[in-house]
Amino acid sequence: MLMNSTTARKSPIFQHDIETINQMINKYPKLRRMLLLQDVLSQFQTKIKGDPMKGTNLNWDDEAIVEPIINDLQRCSRILKQPIATLLNPSIFDQEALLFMCEQLEKVLNQKISRVRKLKEFLKIEKSLRLNIIELVNAALKNDIRFFKDSGKRLRLRYELLFFIGSALIQSCLKEIASKVTKSFLEEWWEPICPICGRRPHVAKLKDKKRYLLCTFCGAEYLADQFLCVNCGNVDPYALKFLYPLKQQGLRIDFCEKCKHYIKVIEEERLEFSIPYGLEDTSTVILDIIATQKGLIRD
Ligand SMILES: [Zn+2]
Ligand SMILES: [Zn+2]
């Protein structure tokens, strides 16, 4: 069981000298970028948290409207074995609301990351309808990387930036859906990708001897096989290894010898400190640093 916040010790990221961590992160630019972008996303989500529409034309606080939609999405997702995001009709998103969200995102990017001139250019381009924001959202829902690469080429923008913007715009809606689907839907999914957004997880939780994959993008927590590489699908137990790199009990790295990808595992029953909900990935960044040093790969 997790300790409550008054009795819990601090998590590893706080126990370490922050300066040391910063120096290590600087040595690994991939992690630095990941942390910065996570920070931008969480600040942006805080800015738009109060809006019940979440960039759509639906009020997600109105259960009478939302419940039948969620039920229908779950039913279709079960039948088709496809993540809910790929089944969402992009016309539920509202162009004006999305443009407002873009402006909020730009403000956060301006505060956190220098040189967001390209985002301003993007907004101008969007307004002249060379790129339709609903199409951008649709591509983010379907993880359509080809769309982002083609659009990036055409608009002379880095496709990663377009993907980041598209993802930021759909995140609050997908978080709503993840919080509203049934427990049985999440327990019966049994696939490595997230049943809500289709992204690959970086964190898992071990509870009651079961491994739950945790999607830090939409917040879904879903059951999966313990002996499964979420990157390549390897199920050979002899090629699936784990290590406990820290003195603290309850944190480990599961990795696959075939593809060298890893996932961070939080063993809830052995955990000696509390990890706030929603901060599981950021709070365990020390595991990313160790895994990277060992030549392991984060998706
Ligand atoms: Zn997800
Ligand atoms: Zn693998």
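A residue counts as buried when its relative accessible area is under 20%, and as exposed when that area is over 50%. Keep those two cut-offs in mind for this tour. The model on your screen is predicted.

**Stop 1: the whole chain**

Show everything as a cartoon. The protein has 13 helices and six strands. Of its 299 residues, 49% are buried. Now think about contacts between residues at least 6 apart in sequence: 62% of them join residues at least 24 apart.

**Stop 2: Lys54**

Select Lys54. Find α3 (29–48) and α4 (63–80); Lys54 sits in the loop between them. Is Lys54 buried or exposed? Its relative accessibility is 11%, so Lys54 counts as buried.

Show the side chain as sticks. It reaches the backbone oxygen of Lys49 at 3.1 Å. Next, display the neighbours. Leaving aside residues up to four places away in sequence, Lys54 touches Lys49, Trp60, Phe93, Met101, Ser172, Cys173 and Glu176. Check the backbone too. Phi of Lys54 is near 55 degrees, a positive value in a residue other than glycine.

**Stop 3: strand β1 and its partners**

Move to residues 203–207. This is strand β1, and four of its five residues are buried, so the rest of the structure largely encloses the strand.

Add residues 210–214, which form strand β2. Five bridges join β1 to β2, and the two run antiparallel. Zoom in on Lys205: Tyr212 in β2 stands opposite.

Now add β6 (262–267). β1 pairs with β6 as well, in the parallel sense, over four bridges. Pick Leu206 and look across to β6: the bridge partner is Glu267.

Here is a general point to try while the strands are on screen. In a regular strand the side chains alternate between the two faces of the sheet.

**Stop 4: the turn at Asp208**

β1 and β2 form a hairpin, with two residues between them. Select Asp208, which is found in the loop between these strands. What is its phi? The angle is near 50 degrees, a positive value in a residue other than glycine. Asp208 has 60% relative accessibility, so this residue counts as exposed. Flip back to Lys54, which counts as buried at 11%.

**Stop 5: the second largest pocket**

Hide the sticks and look for open space. The second largest pocket holds about 220 Å³. It is lined by 17 residues, and those closest to its centre are Arg211, Gln226, Leu240, Lys241 and Asp254. Select these five to find the spot.

Then colour β4 (240–243), β5 (251–256) and β6 (262–267), the elements that give two or more residues to the lining. Which element supplies the largest share of this lining? It is β5, with four residues. Colour the lining by class and you get ten nonpolar, three polar and four charged residues.

**Stop 6: the cavity**

Rolling a probe the size of a water molecule over the atoms shows where empty space is left. How many cavities of 30 Å³ or more does the structure hold? There is one. About 60 Å³ of space lies in the largest cavity.

To frame it, select Arg200, Pro201, His202, Val230, Asn231, His261, Tyr262, Ile297, Arg298 and Asp299, which line the cavity. By class, the lining has four nonpolar, three polar and three charged residues.

Conventions
Residues are numbered from 1 along each chain as its sequence is written. Chains are lettered from A and ligands numbered from 1 in the order in which they are written. This is a predicted model: local features need pLDDT of at least 70, side-chain atom pairs count only at pLDDT 80 or more; totals for chains, interfaces and linings use all residues. Side-chain values use heavy atoms; hydrogens and water are left out. Buried means under 20% relative accessible area, exposed over 50%, partly exposed in between (1.4 Å probe, protein chains only). A polar contact is a pair of N or O atoms within 3.5 Å; within protein, one must be able to donate a hydrogen and the other to accept it, and residues adjacent in sequence count only if both atoms are side-chain atoms. Contact means heavy atoms within 4.5 Å. On a 1 Å grid over the protein atoms alone, a cavity is a set of points where a 1.4 Å probe fits but cannot get out, and a pocket is an open set with protein on both sides within 12 Å along at least five of seven lines; lining residues have an atom within 4 Å of a point. Grid points are joined across faces, edges and corners, and a volume is the space filled by probe spheres set on the points. Ala, Val, Leu, Ile, Met, Phe, Trp, Tyr, Cys and Pro count as nonpolar, Asp, Glu, Lys and Arg as charged, and the others, Gly among them, as polar. Two strands pair if DSSP finds at least two bridges between them.
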